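Subject: Structure for your files

Hello,

Here is the structure I said I would pass on. My notes come after it.

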Amino acid sequence: MKALFWAVAAFALAVLLSHLPPASYKILSGGLAVQSFFVISGFVITAMLAREWTSTGRIRFGTFYRRRFQRLTPALSLLIAVVALASF
């Protein structure tokens with residue numbers, strides 16, 4: 001699972017680099033990186049839900065979405081702050 005985490009991070013970095021001005025930063029096309037990111041992320045999420053199903057016999061979607069929200073909120077907050085500061 002840890003290798004998939006690094007693959008997702010690498011594709012996210014490729015998407016970020018594809019938006020920078022010099023063409024030399026483009027490792028992958030942005031579209032390919034985004035599609036790969038979604039495929040691997042979907043696999044990781046499905047594996048997490050399957051693991052919960054086999055260990056507990058149920059999937060608690062409220063708990064799942066709460067964990068996702070807690071994981072994504074700090075990065076989203078930082079992004080909003082950086083964009084707000086950069087817009088001045």
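Below is what was found, going from the overall fold to the pocket, the salt bridge and the surface.

Please keep in mind that this is a predicted model. The protein has three helices and zero strands, and from the N terminus on its elements run α-α-α. Of its 88 residues, 16% count as buried.

The pocket

The largest pocket has a volume of about 740 Å³. Helix H1 (2–18), helix H2 (30–56) and H3 are the elements that give two or more residues to its lining. H3 supplies the largest share of that lining, with seven residues. In total, 19 residues line the pocket, and those nearest its centre are Val8, Phe37, Arg68, Arg71 and Leu72. By residue class, the lining divides into 15 nonpolar, one polar and three charged.

Val8 also appears in a pair with Val39: their C-alpha atoms are separated by 9.3 Å, and the two residues are 31 apart along the chain. Val39 has its place in helix H2. Is Val39 buried or exposed? With a relative accessible area of 61%, Val39 is exposed, since the cut-off for that class is over 50%.

The salt bridge

Side chains of opposite charge can pair when their charged atoms come close. In this model the count comes to one salt bridge. The side chains of Arg67 and Glu52 form it, at 3.9 Å from N to O. Arg67 lies in helix H3 and Glu52 in helix H2, so the pair ties together parts that are 15 residues apart in sequence.

How do the two partners stand in terms of exposure? Glu52 counts as buried, at 14% relative accessibility, because the limit for buried is under 20%. Arg67, with a relative accessible area of 39%, is partly exposed, which puts Arg67 in between the buried and exposed classes.

The surface

Which residues make the nonpolar surface patch of about 380 Å²? Leu76, Leu79, Ile80 and Val83 make that patch. Of these, Val83 lies in helix H3, which covers residues 61–86. H3 thus has a part in each section above: H3 gives seven residues to the lining of the largest pocket, holds Arg67 of the salt bridge, and contains Val83 of the patch.

Regards

Conventions
Residues numbered from 1 in each chain as written. Predicted model: local features only at pLDDT ≥ 70, side-chain atom pairs only at ≥ 80, totals over all residues. Heavy atoms only, no water. Patch = residues over 30% accessible without salt bridge, like charges linked within 9 Å, V, L, I, M, F, W, Y side chains within 5 Å. Areas by Shrake-Rupley, 256 points an atom, 1.4 Å probe, with all protein chains shown as cover. Salt bridge = Lys/Arg side-chain N within 4 Å of Asp/Glu carboxyl O. Helix = DSSP H or I, 4+ residues; strand = E, 2+ residues; numbered from the N terminus. 1 Å grid on protein atoms, 1.4 Å probe; cavity = no way out; pocket = protein on both sides within 12 Å on 5 of 7 lines; lining within 4 Å. Points joined across faces, edges and corners; volume = space filled by probe spheres on them. Nonpolar A, V, L, I, M, F, W, Y, C, P; charged D, E, K, R; others polar. Buried < 20%, exposed > 50% of the residue type's maximum accessible area, 1.4 Å probe, protein only.
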